[in-house]
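Visitor: I should like to take a close look at a single part of this model. Please guide me through that part step by step.

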Amino acid sequence: MKATKTGPLPEPTDTFVQRHIGPADADIKEMLATIGLQSLDALIDAAVPADIRMQRPLALGRHRAEHEAMAELRGITERNEIFRSFIGMGYYDCVTPPVIQRNILENPGWYTQYTPYQAEIAQGRLEALLTFQTMVADLTGLPLANASLLDEATAAAEAMSMCLAISRAGGGPEKRGFFVARDCHPQTIAVLQTRAEPLGIGLHIGAIEQIDYAGQALCGVLVQYPSSDGAVRDYGPLVERAHAAGALVVAATDLLALTLLRPPGDVGADIAVGSSQRFGVPLGFGGPHAAFMSTKDEYKRQMPGRLVGVSRDASGKAAYRLALQTREQHIRRDKATSNICTAQVLLAVMASMYAVYHGPDGLRRIAERVHAWAVLLAEGLPPRP
Amino acid sequence: MPGRYCSQKACRLGHDVGREPFFDTLRVTPRNRSAEKVMASAKERRVNLRRFEDGAIGISLDEVTTAGDIQTLLEIFAGGPPPFSLEELAGGVQAGFPAAFARTGKYLTHEVFNRYHSEHEILRYIHRLQSRDLSLVHSMIPLGSCTMKLNATAEMYPITWKGFCRIHPFAPPEQTRGYEELFKQLEGWLAEITGFSAVSLQPNAGSQGEYAGLMVIRAYHHHRKESRRDICLIPVSAHGTNPASAVIAGLKVVPVACDEHGNIDITDLAAKADEHRDRLAALMITYPSTHGVFEEGIRQICRVIHERGGQVYMDGANMNAQVGLCRPGDIGADVCHLNLHKTFCIPHGGGGPGMGPIGVAAHLAPFLPGHPVTHLGGKDAIGPVSAAPHGSAGILPIPWIFIALMGGDGLTKATKVAILNANYMAKRLEKYFPVLFTGKNGRVAHEFILDARHFKDSAGIEANDIAKRLMDYGFHAPTMSWPVPGTLMVEPTESESKAEMDRFCEALIAIRGEIDEIVEGRMPRDNNVLKNAPHTAVSVTATDWTHPYTREQAAYPAPWLRDSKFWPAVERIDNAYGDRNLMCTCPAPESYA
């Protein structure tokens, strides 16, 4: 057929722009009248200096229909191949209980809030975070846990800064060495290297048998418990030697393992860090997941990140709110030893509800089953002596 | 006792799994089959294992492990079906740990971990907690600088698609082509929006973006053999995270003054930049300013820094006022972080997750963060700033969908409407609360600051009292006392409708009336609706009512509350008491009585 005349094609109807933007065009007109202007462009000309304005439209194409964009993203997601991953290294597949997935992760009543600065109208997630802190404190055996950090590696870096700050506060000769056991997760070691250098911290990476307490002027030692390659070691002797040399011990650890293993606090560790990802949070190609940190009561002022605490309201009733806020970067500015503000609240809430859902016995059963499979597999693989 | 020590069976596959106790992870040194063959079989069976540098193979088991998985793993190592069954294996082992390692005490004994184990119980517990939180499902949250815009359901949908959420961060690249494409497109879009040449998606929070950006600048100076450059100029109006990030990046902070309009004092800036000329590393600047104004002098500010060898770091907290109108890269910034959880619709999650990718100009691109596990980044890349190579990759479909659905035209309109909404609200409220800062044409950008300081003398009322009283009207307060103490900073975003903004304005106007009653002596300064706010259902239904206003005035001060009322769960909280009596774990149930 020979085309003689062209015409516009029907426009999609499920477009998003007018739903994302609150005021309808009629409202915009009325609002412009209120502020005494004729057009949106006149407002922009008045508000934005002329010499910085973009002289062309954004080259992002026009807005798309919702079902078309969704279909395109489906196509993208299908290009990812889901293998069964036994890689570990701090990331483990797990079951997100459907009741948690639908009612927390996929629920705007949980995901649309900001940080709980107005505590009286944030008691729900403050309670969930307090439960997270209680869970971490209990499982790690260290009494004071914060309301999450960004990931395990940065949590370890925060612990390193904390060791330095505590060592400085204690007076005595300056200790700028930090020892990292080489069987920590490699990404943790790499982030520590990034973070140590500008702070002037000398990082020593090696086997814990090689620690030179006298020569390395250590403010802290980081071990992974269980180690990145799976070994469960008794760090009791290490803790003793480190403490005798005035160094703190940080244990990067795994909450599920701790339902069966002696907690780091029991062994004498001063700080525990780790990820709560395997408590019901999807892998997500690396995040977001809630990291955790717990420590001894005496180090509460050096603890980075947000801390939920119990107080009371005007009627004397117990009520939750963010505690010790003067520790935080927005107050301390260049005196701060951490810059963390936003953490991983939604994921911490999920992990906390995972523990509430399963309870101690349920968590222990999950851990025992995982361990039993590992034992079975080990039995199948090794040579006989 | 670890199983393998007590096994009596002799067959097995002959690989070395080491001697130490383990929980869920084995390090296996293949003996009867090469590691390459094992890895090849694994790939064939669609299984990912960890490869150590010394040729050993790591296997970590997890909650979803099945008998089929164990069988598959044994077959991968045996090169075929092993000569024994799983049941036979199970007969010879006993799990558990030697006494030195085993946990003995009880844990998670608090009631909360022992009460909600049936699905009805936990479902109701989750919803009970949710009902105590005011969120965007109730009303606008006009937090200045925080950008509480719509988190559309369509944007949230894909994050639980299994193709996005069940991928291990260290899965080999041939399995993650979809993510690769997503990143590439998103990086390209963000580069176009910011006017930069490269983007790193690794920083997993705004603070991390600041850190990464400053580290990139630092690496650039070092690369040019100018490692003496360690001074970071930061205006006094900056968010506290800026100086904290600078210090952690090894820089020394020198504050720069602001003028009475809240703009950077360019004379002081030039003086400080001159004073530290040889050591100037960077300026950190937020644009539009933290005071909600597009500073006229921004180009000149960038020039002052560049002429003295420094780099300009733009804090992207207010990027939502720039999209489609102007670009950090064009203005003169060298780095900018983007709060994807502000401008690009990732929800705030009640305090995270955030995402803080950075865009950089071409000369800084080689220094963007790398990652050792996946070999991300070139030879000049700074080390990783996050555990995962692409930060919180799992939530990146959210900004992808947002940008795809809005297009260039929709994004630009959104920015314009965000500015309109702020100017509209400022206009409606200025008669009741003075608007602190405006640009030279009397307009604000996407947010504005309401002054409440004068009520302290006239009525004994502080910004905090207004914030608490707003709760009785069903609203979350604006940003309190930042960047100016005693003020409220309002940011409506483009997503709020006129009706919702009008409702919020009416609440604030009504509160102004309540303050006037105190000013005029008709209400006492210590016992009034503001000082006693918020009012709970328990307090307004108490038998004794000792306040000089009615219960109705306390709880239903506006007509819309008759239709829908959000009840604060507790009365005003005593912060100081909690800090004096620090308790950061769940209290015993009796304390709630």
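The part I have in mind is chain B. How many helices and how many strands does chain B have?

Guide: Chain B has 19 helices and 15 strands. Please keep in mind that the model is predicted.

We may begin with the chain as a whole. The C-alpha trace of chain B spans about 95 × 70 × 45 Å along its principal axes. Of the 593 residues in chain B, 64% are buried. The contacts also tell us how the chain is folded upon itself: among contacts in chain B with a separation of 6 or more, 67% are between residues 24 or more positions apart. Chain B exposes about 20,500 Å², and carbon and sulfur atoms supply 50% of that area. As for charge, chain B carries 61 positive and 66 negative side chains, and the centres of these two sets lie 4 Å apart.

Next comes the partner of chain B. In chain B, 238 residues are in contact with 202 residues of chain A. The size of an interface is often given as the accessible area lost when the parts come together. Between chain B and chain A, the buried area is about 19,900 Å², and carbon and sulfur atoms give 64% of it. On the side of chain B, the residues that lose the most area to chain A are B:Phe23, B:Glu63 and B:Arg103, which together account for 5% of what that side buries.

Charged side chains also meet across this interface. Between chain B and chain A the count is 18 salt bridges, while over all chains the count comes to 64. One of those between the two chains joins B:Lys468 to A:Glu120, with the closest N and O atoms 2.8 Å apart. Salt bridges may also be linked to one another: A:Glu30, B:Arg428, B:Lys498, B:Asp502 and B:Glu506 form such a network.

Two salt bridges inside chain B deserve a closer look. The side chains of B:Arg327 and B:Glu192 meet at 3.5 Å, N to O. This pair links distant parts of the chain, 135 residues apart: B:Arg327 is in the loop between β9 (311-315) and α12 (328-331), whereas B:Glu192 is in helix α7 (residues 177-194). Both B:Arg327 and B:Glu192 are buried.

The second pair is B:Arg503 and B:Glu500, whose closest N and O atoms are 3.0 Å apart in a salt bridge. Here both partners lie in helix α16 (residues 498-519) of chain B, 3 residues apart, which is about one turn of the helix. B:Arg503 and B:Glu500 are likewise both buried.

We may now turn to the backbone. The peptide bond from B:Ala533 to B:Pro534 is cis, with omega near -5°. B:Pro534 belongs to the loop between α16 and α17 (537-540) of chain B.

Two further residues of chain B have a positive phi although neither is a glycine: B:Arg46, at about 55°, and B:Leu108, at about 50°. B:Arg46 is found in the loop between α1 and β2 (47-48). B:Leu108 lies in the loop between α3 (86-91) and α4 (119-130). As to their surroundings, B:Arg46 is partly exposed, because its relative accessible area is 38%, a value between the limits of 20% and 50%. B:Leu108 is buried, because its relative accessible area is 0%, and buried means under 20%.

Helix α1, which comes before the loop of B:Arg46, covers residues 35-44 and contains B:Glu36. At 48% relative accessibility, B:Glu36 counts as partly exposed, since a residue must be over 50% to count as exposed. B:Glu36 and B:Arg50 are 14 residues apart in sequence, and their C-alpha atoms are 12 Å apart in space.

To review the main points, chain B has 64% of its residues buried, and 238 of its residues are in contact with chain A. Inside chain B, the salt bridge of B:Arg327 and B:Glu192 links distant parts of the chain, whereas B:Arg503 and B:Glu500 both lie in helix α16.

Definitions and conventions: Residues numbered from 1 in each chain as written. Chains lettered and ligands numbered in written order. Predicted model: local features only at pLDDT ≥ 70, side-chain atom pairs only at ≥ 80, totals over all residues. Heavy atoms only, no water. Helix = DSSP H or I, 4+ residues; strand = E, 2+ residues; numbered from the N terminus. Buried < 20%, exposed > 50% of the residue type's maximum accessible area, 1.4 Å probe, protein only. Contact = heavy atoms within 4.5 Å. Areas by Shrake-Rupley, 256 points an atom, 1.4 Å probe, with all protein chains shown as cover. Lys, Arg positive; Asp, Glu negative; His and termini not counted. Charge placed at Lys NZ, Arg CZ, Asp CG, Glu CD. Buried area = accessible area lost by both parts, 1.4 Å probe. Salt bridge = Lys/Arg side-chain N within 4 Å of Asp/Glu carboxyl O.
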